[in-house]
Amino acid sequence: MADLPMKDMRAISLDAARSIAGFQAGDAEVAIGLDSSDEPAYYITLQLEPGQPAILTPTDKIRISLKIRDALIEAGDERYPFVRFLSRDDWDARTRARSP
């Protein structure tokens, strides 16, 4: 199994989001953790512009997730990507909550 650098994983996530969401895509954060079967997985959070999550359809969100998964398979990385979407307001609130 390939071990992609986190910067490459972030780039893959942003590219997938921008290919579907266009200007709505903002930032990406990627972490590695274990899934419910104790298998390594990617936990990806994608930021969208304020109010935009409602504009992306569930199908669009699935397409973004699948593009990320396809890129991982192509790179030889078998970890599953769990993707969630946050508005800029929720992203900022989460960032403030993490700050001391």
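Which residues in α1 meet which residues in α2? I began my notebook with this question, keeping in mind that the model is a predicted one.

**Entry 1: the two helices**

I looked up the contact and found that Met9, Ile12, Ser13, Ala16, Ala17, Ser19 and Ile20 on the α1 side meet Asp60, Arg63, Ile64, Lys67, Ile68, Ala71 and Leu72 on the α2 side. Sorting these by class, I noted nine nonpolar, two polar and three charged residues in the contact of α1 with α2. Two packed helices are described by the angle between their axes and the distance between the axes. I therefore looked up both values for this pair: the axes of α1 and α2 come within 9 Å and cross at roughly 145 degrees. I also wrote down that the crossing in which α1 passes α2 is right-handed.

**Entry 2: the nonpolar core**

In soluble globular proteins, nonpolar side chains tend to be buried together. I turned next to the largest nonpolar core, which has 20 residues, and saw that Met9, Tyr42, Ile44, Leu46, Ile64 and Ile68 touch the most other members. Two or more residues of this core come from each of α1 (6–21), β1 (25–34), β2 (40–48) and α2 (58–75), and α1 gives the most, with seven residues.

I then followed Ile44 by itself. Setting aside residues up to four places away in sequence, I listed Met9, Ser13, Glu29, Val30, Ile68, Pro81, Phe82, Val83 and Arg84 as the residues that Ile44 touches.

**Entry 3: Phe85**

I located Phe85 in strand β3 and asked myself whether Phe85 is buried or exposed. Its relative accessible area is 17%, and the cut-off for buried is under 20%, so Phe85 counts as buried. Apart from neighbours within four places in sequence, the residues in contact with Phe85 are Leu46, Leu48, Lys61 and Ile64; of these, Leu46 and Ile64 I had already met among the core members that touch the most others. I also noted that Phe85 and Ala28, though 57 residues apart in sequence, have C-alpha atoms 9.4 Å apart in space.

**Entry 4: salt bridges**

Side chains of opposite charge can pair when their charged atoms come close. I found that the structure holds six salt bridges, and I followed three of these in detail, starting with Asp3 and Arg79, whose closest N and O atoms are 2.8 Å apart. Because Asp3 lies in the segment before α1 and Arg79 in the loop between α2 and β3 (80–87), this pair ties together parts that are 76 residues apart in sequence. The two partners sit differently, for Asp3 is exposed at 60% relative accessible area, whereas Arg79 is buried at 7%.

Arg79 also meets Asp77 in a salt bridge, at 3.1 Å from N to O, and Asp77 is buried, with a relative accessible area of 1%. Through shared partners, Asp3, Asp77 and Arg79 are joined into one network of salt bridges.

My last search was for the partner of Glu29, a residue I had listed among those that Ile44 touches. The side chain of Glu29 forms a salt bridge with that of Arg94, at 3.0 Å from N to O. Since Glu29 lies in strand β1 and Arg94 in helix α3 (residues 88–98), the pair ties together parts that are 65 residues apart in sequence. I recorded Glu29 as partly exposed, at 29% relative accessible area, and Arg94 as buried, at 14%.

Methods. Residues are numbered from 1 along each chain as its sequence is written. This is a predicted model: local features need pLDDT of at least 70, side-chain atom pairs count only at pLDDT 80 or more; totals for chains, interfaces and linings use all residues. Side-chain values use heavy atoms; hydrogens and water are left out. A nonpolar core is a set of buried Ala, Val, Leu, Ile, Met, Phe, Trp, Tyr and Cys residues joined through side-chain atoms within 4.5 Å. Buried means under 20% relative accessible area, exposed over 50%, partly exposed in between (1.4 Å probe, protein chains only). Helices (H or I, at least four residues) and strands (E, at least two) are DSSP runs, numbered from the N terminus. Contact means heavy atoms within 4.5 Å. Axes are lines fitted to C-alpha atoms, for helices over the stretch in contact, and angles run from 0 to 180 degrees between N-to-C directions. A crossing is left-handed if the near helix is turned anticlockwise from the far one by less than a right angle, and right-handed if clockwise. Ala, Val, Leu, Ile, Met, Phe, Trp, Tyr, Cys and Pro count as nonpolar, Asp, Glu, Lys and Arg as charged, and the others, Gly among them, as polar. A salt bridge is a side-chain nitrogen of Lys or Arg within 4 Å of a carboxyl oxygen of Asp or Glu.
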